[in-house]
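Here are my notes on the structure you asked me to look over. Keep the 3D view open while you read, and click on each residue as it comes up.

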Amino acid sequence: MNKKCITLYDITGIQDFIFSSAKAKENIGASIYVQKVFEEGLTDCLKKCFKENSIKAEWTTDHNFCIINKNLNAEVIYIGGGNAMIAFDSKESAIKVTELLSEKILKDTQATLGLAVAYQETSFENFTEDKEALYKNLTKIKNSRYHSTPLRGISINYECEDGLPSSGKTSENIYISDVSAMKIELSKQNYYKQLTPKEYHFPYDFDDLGRNFGDSHLGVVHIDGNNMGLYIDEVMADINDYSEAVRMIRNISSKIKTLYQDVFITMVSDLANEIDNKVFKDKLILKGKNLPIRPLILNGDDVTFVCDGRIAIQLANKFLELLSKKEIVINSHQTKLSACAGIAIVKSHFPFYRAYELAESLCSSAKLKAKALNKKTPGSWMDYHIVYSGFQLDLDSLRDKTYNVPSMKPVSRKTDFPQYNLLLRPFCVSNDSESYYNWENIQKLFNTMVKWPRNRLKNLRNSFIISQEEVEICRSNNTSRGYCLPIFLMLDSETNNNVIFSENQTPYFEILELLDFYIPELFSEEED
């Protein structure tokens with residue numbers, strides 16, 4: 001029997017490609033290109049290399065593995081998570097497609113995107129062994145390869161903002177490269193129209209997300225599923241037969257994609273229903289039927305969207321709540337879906353790439369805490385950070401410097417995750433967790449304290465940054481005027497609201513930081 005070949009394609013440099021520009025149109029267009037490079041680009045390459053009746057590109061609805069019994073040159077096993085796995089009738093056929101796809105990506109992106117490829121010759125006898133060898137080989141290739149350098153111009157070329165030579169085209173009276181022009185052209189496509197209620201649409205420009213000019217903030221939300229790799233390994237553990245294994249992996253991949261997309265659609269629909277709320281509407285300035293949100297990545301359990309900074313935390317919370325009600329069942333294997341979210345709230349002109357990096361770091365922070373408390377079923381957690389000025393340090397160093405009170409001892413509660421005097425986050429959205437890490441309790445605390453006069457809340461916030469003694473003075477002053485701090489479950493005494501710190505940690509600063517980044521009227525029925 002002639003050796004067949006399964007091939008694993010992986011796009012590299014996605015974050016740089018999407019988030020390197022400060023222009024929304026280029027971010028949007030770049031995200032569309034990444035979505036389409038396998039879904040359409042790879043399929044086009046297959047059609048150019050082979051006769052159409054000798055390839056099978058449809059894998060989401062037809063789960064049968066046909067190349068074993070039919071005379072096919074190529075069959076898509078699955079596409080998802082920035083990967084594509086293809087079965088070929090030979091390694092030569094695989095290399096032929098790889099060369100064409102590599103040429104396309106090189107021409108389209110001028111090496112600002114990369115392609116890593118691994119091949120595994122096979123007799124289609126043991127899928128598990130072949131898949132493990134394939135992924136091991138891909139990891140080795142990615143770790144050993146040189147990072148490609150974007151194709152620069154010669155000295156007489158005008159260099160554009162992205163460092164690439166000018167194409168002679170302009171955008172907003174500024175010369176742009178061919179790559180930027182391609183991104184802007186793609187952004188004009190209404191690619192995510194199917195995810196919006198009929199009368200609404202995602203804005204084309206971040207300035208139309210509903211934010212106020214001057215002191216405006218964007219929210220960059222990155223969400224990543226928990227333990228999906230472990231679940232897939234569990235389902236596939238005893239399946240070696242190729243036909244059964246391919247059916248299974250296609251089923252899992254398509255279900256994950258559908259479930260996460262359905263959650264996003266529901267979140268957007270719920271948001272659209274809130275827009276007519278008068279109090280909420282007065283706080284967001286929306287043009288026409290623009291929504292205050294824009295998806296950038298919807299790739300299986302990998303989700304990134306941009307929104308008005310004042311609703312970013314609540315939208316992330318809504319997504320995680322909706323997701324936690326979903327479950328995936330394959331044969332006898334059942335698991336509830338959960339994910340972690342990182343929310344970076346930044347000034348409108350903050351470097352977009354740095355904002356995304358921060359959102360990723362925050363998502364990792366949420367995962368660390370979730371798995372430290374419950375490794376097997378971590379539940380859904382979120383972490384957020386509000387950037388008021390420059391962001392030069394890594395997240396842990398910045399928090400250690402900013403959120404520990406001078407002269408106060410470190411947090412005495414023993415945990416396997418970082419802790420700070422003034423922060424409790426990351427917060428648990430859906431799982432049985434210690435009450436003081438529960439986001440619902442923070443919401444209740446906020447709804448009580450937000451009724452105080454604004455100047456008292458601001459003064460209290462400033463006192464926390466100065467010292468513990470200053471906090472006590474401010475608290476005493478507020479209490480004498482009838483403004484007593486509401487009791488929080490983590491504190492030592494449920495009958496004594498004089499307690500502010502428990503084990504050198506407090507929940508109240510969390511509320512004071514949320515004052516400008518939480519709209520109580522949004523999803524208020526769910527939060528009552």
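The points below go from the whole chain to its salt bridges, one helix, and then the empty spaces.

1. **The model and the overall picture.** Keep in mind that this is a predicted model. The protein chain has 16 helices and 15 strands. Of its 528 residues, 54% count as buried. Now look at contacts between residues at least 6 apart in sequence: 71% of them join residues at least 24 apart.

2. **Salt bridges in general.** Side chains of opposite charge can pair when their charged atoms come close. How many salt bridges does a search of the whole structure find? The count is 23. The next points go through some of them.

3. **Asp10 and Lys142.** The side chains of these two residues form a salt bridge, with 3.0 Å from N to O. Asp10 belongs to strand E1 (residues 4–12) and Lys142 to helix H4 (residues 127–144), so this pair ties together parts that are 132 residues apart in sequence. Are the two partners buried or exposed? Asp10 has a relative accessibility of 8%, so it counts as buried. Lys142, with a relative accessible area of 35%, is partly exposed.

4. **Glu440 and Lys444.** Here is a salt bridge within one helix. The closest N and O atoms of Glu440 and Lys444 are 3.8 Å apart; the cut-off is 4 Å, so the pair counts. Both residues sit in helix H12 (residues 439–449), four residues apart, which is about one turn of the helix. An α-helix has 3.6 residues a turn, so residues three or four places apart point the same way. Both ends of this pair are partly exposed: Glu440 has a relative accessible area of 45%, and Lys444 has 47%.

5. **Arg454 and Asp516.** These side chains also meet in a salt bridge, at 2.2 Å from N to O. The pair links distant parts of the chain, 62 residues apart: Arg454 is in helix H13 (residues 454–466), while Asp516 is in the loop between helix H15 (508–513) and helix H16 (524–527). Arg454 counts as partly exposed at 40% relative accessibility, and Asp516 counts as partly exposed at 38%.

6. **A network.** Salt bridges can also share partners. Which residues are joined into one network in this way? They are Lys56, Asp62, Glu75 and Arg250.

7. **Helix H10.** This helix covers residues 352–373, which makes 22 residues. From its first C-alpha to its last it reaches 32 Å, close to the 32 Å expected at 1.5 Å a residue. Try colouring its buried residues, which include Phe352, Tyr356, Leu358, Leu362 and Ala366. Lys367 and Lys369 are also among the buried residues of H10.

8. **The largest pocket.** Rolling a probe the size of a water molecule over the atoms shows where empty space is left. The largest pocket holds about 1300 Å³ of space. Its lining has 45 residues, and Gly80, Gly81, Gly82, Asn83 and Asn299 lie nearest its centre. Among the elements that give two or more residues to this lining are E1, helix H1 (14–19), strand E3 (74–80), H4 and helix H6 (228–236). Which element gives the most? That is H2, with six residues. By class, the pocket lining has 20 nonpolar, 16 polar and nine charged residues.

9. **The cavities.** There are three cavities of 30 Å³ or more, and the largest cavity has a volume of about 50 Å³. It is lined by Lys257, Tyr260, Gln261, Leu298, Asn299, Gly300 and Val303. H7 and E9 each supply at least two of these lining residues, and the largest share, three residues, comes from H7. By class, this lining has three nonpolar, three polar and one charged residues.

10. **Asn277.** For a last stop, find this residue in the loop between H7 and helix H8 (278–283). Asn277 is partly exposed, with a relative accessible area of 26%. Its C-alpha atom is separated by 10.0 Å from that of Phe523, although the two residues are 246 apart along the chain.

Terms used: Residues are numbered from 1 along each chain as its sequence is written. This is a predicted model: local features need pLDDT of at least 70, side-chain atom pairs count only at pLDDT 80 or more; totals for chains, interfaces and linings use all residues. Side-chain values use heavy atoms; hydrogens and water are left out. Buried means under 20% relative accessible area, exposed over 50%, partly exposed in between (1.4 Å probe, protein chains only). The expected span of a helix is 1.5 Å times one less than its number of residues. On a 1 Å grid over the protein atoms alone, a cavity is a set of points where a 1.4 Å probe fits but cannot get out, and a pocket is an open set with protein on both sides within 12 Å along at least five of seven lines; lining residues have an atom within 4 Å of a point. Grid points are joined across faces, edges and corners, and a volume is the space filled by probe spheres set on the points. Ala, Val, Leu, Ile, Met, Phe, Trp, Tyr, Cys and Pro count as nonpolar, Asp, Glu, Lys and Arg as charged, and the others, Gly among them, as polar. Contact means heavy atoms within 4.5 Å.
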